[in-house]
Amino acid sequence: MQINEKLIPKLKNIDVNTQNISNITGKILWTNPDPTKSITSNTNITLSSSNYDFYEVIYRGSIDPNNNERLSTGRIPKGNSTRIFQTYQSSTGNVAVRDRKITFVDDTTLSVGTGLANDPDNTCIPYYIIGYKTGPFS
């Protein structure tokens, strides 16, 4: 297959990208050693680095084996706390919410709060904490 001859002059005018764009991807700062187990309140998560501008929590709504959904907080600016939550349909057919606060303690420590649900230690279980170094504040 040959390049269309009409495109060659246009391709010659494209500048080489010299800007580092490697920061688009995140780095895993913490991994839950067993995300199928309960997590109690006031459990500290120790991050492997303080070199990030934003963090993201990937979590599971509960440890119920039928709940295989993975959820995400989105990107949280360093220095801020967040909530992880899931809305779901209860066994009675009502809409219910599982909720847990993640508190920013310092650059390498997050604290897991009490889960708000019928079974608080089995709700909103963090899987990964991912850090993003994007440089928006430098």
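**Close-up views of a predicted model**

**View 1. The lining of the largest pocket.** In this predicted model, the largest pocket is lined by S62, I63, D64, Y88, S90, R98, A117, N118, D119, N122 and T123. Sorted by character, this lining has 3 nonpolar, 5 polar and 3 charged residues. If you like to keep a number at hand, the volume of the pocket is about 170 Å³.

**View 2. The largest nonpolar core.** Here we step over to the largest nonpolar core, a set of 18 residues. Which residues have the most contacts inside this core? They are I45, L47, Y55, L110 and I129. Two or more residues of the core come from each of these elements: β1 (27-31), β3 (54-62), β7 (95-106), β8 (109-112) and β9 (123-132).

**View 3. A second core.** Separate from the core of View 2 is another one, made of 5 residues. Among them are F54, I58, I130 and Y132.

**View 4. An open sheet of 4 strands.** Follow the strands across the sheet and you will read the order β2-β8-β7-β6, with antiparallel pairing. The edges are taken by β2 (43-46) and β6 (82-89); each has a single partner strand, so one side of each has no neighbour in the sheet. On average, neighbouring strands here are turned by 25° against each other, direction ignored.

**View 5. Where β7 meets β8.** Zooming in on one pair from the sheet, we find β7 and β8 joined in the antiparallel sense over 4 bridges. One bridge to look for links D106 with its partner T109, which lies in β8.

**View 6. Two residues with positive phi.** Some background helps with this view: most residues other than glycine have a negative phi. N42 is not a glycine, yet its phi is positive, at about 65°. You will find N42 in the loop between β1 and β2. C124 also has a positive phi without being a glycine, with a value near 50°. Its place is in strand β9.

**View 7. The surroundings of N42 and C124.** Is N42 buried or exposed? The relative accessibility of N42 is 64%, and because the cut-off for exposed is over 50%, N42 counts as exposed. And is C124 buried or exposed? C124 has 0% relative accessibility, and because buried means under 20%, C124 counts as buried. Put side by side, the loop residue N42 is exposed, whereas C124 in strand β9 is buried.

Technical notes:
Residues are numbered from 1 along each chain as its sequence is written. This is a predicted model: local features need pLDDT of at least 70, side-chain atom pairs count only at pLDDT 80 or more; totals for chains, interfaces and linings use all residues. Side-chain values use heavy atoms; hydrogens and water are left out. A nonpolar core is a set of buried Ala, Val, Leu, Ile, Met, Phe, Trp, Tyr and Cys residues joined through side-chain atoms within 4.5 Å. Buried means under 20% relative accessible area, exposed over 50%, partly exposed in between (1.4 Å probe, protein chains only). On a 1 Å grid over the protein atoms alone, a cavity is a set of points where a 1.4 Å probe fits but cannot get out, and a pocket is an open set with protein on both sides within 12 Å along at least five of seven lines; lining residues have an atom within 4 Å of a point. Grid points are joined across faces, edges and corners, and a volume is the space filled by probe spheres set on the points. Ala, Val, Leu, Ile, Met, Phe, Trp, Tyr, Cys and Pro count as nonpolar, Asp, Glu, Lys and Arg as charged, and the others, Gly among them, as polar. Two strands pair if DSSP finds at least two bridges between them. Axes are lines fitted to C-alpha atoms, for helices over the stretch in contact, and angles run from 0 to 180 degrees between N-to-C directions.
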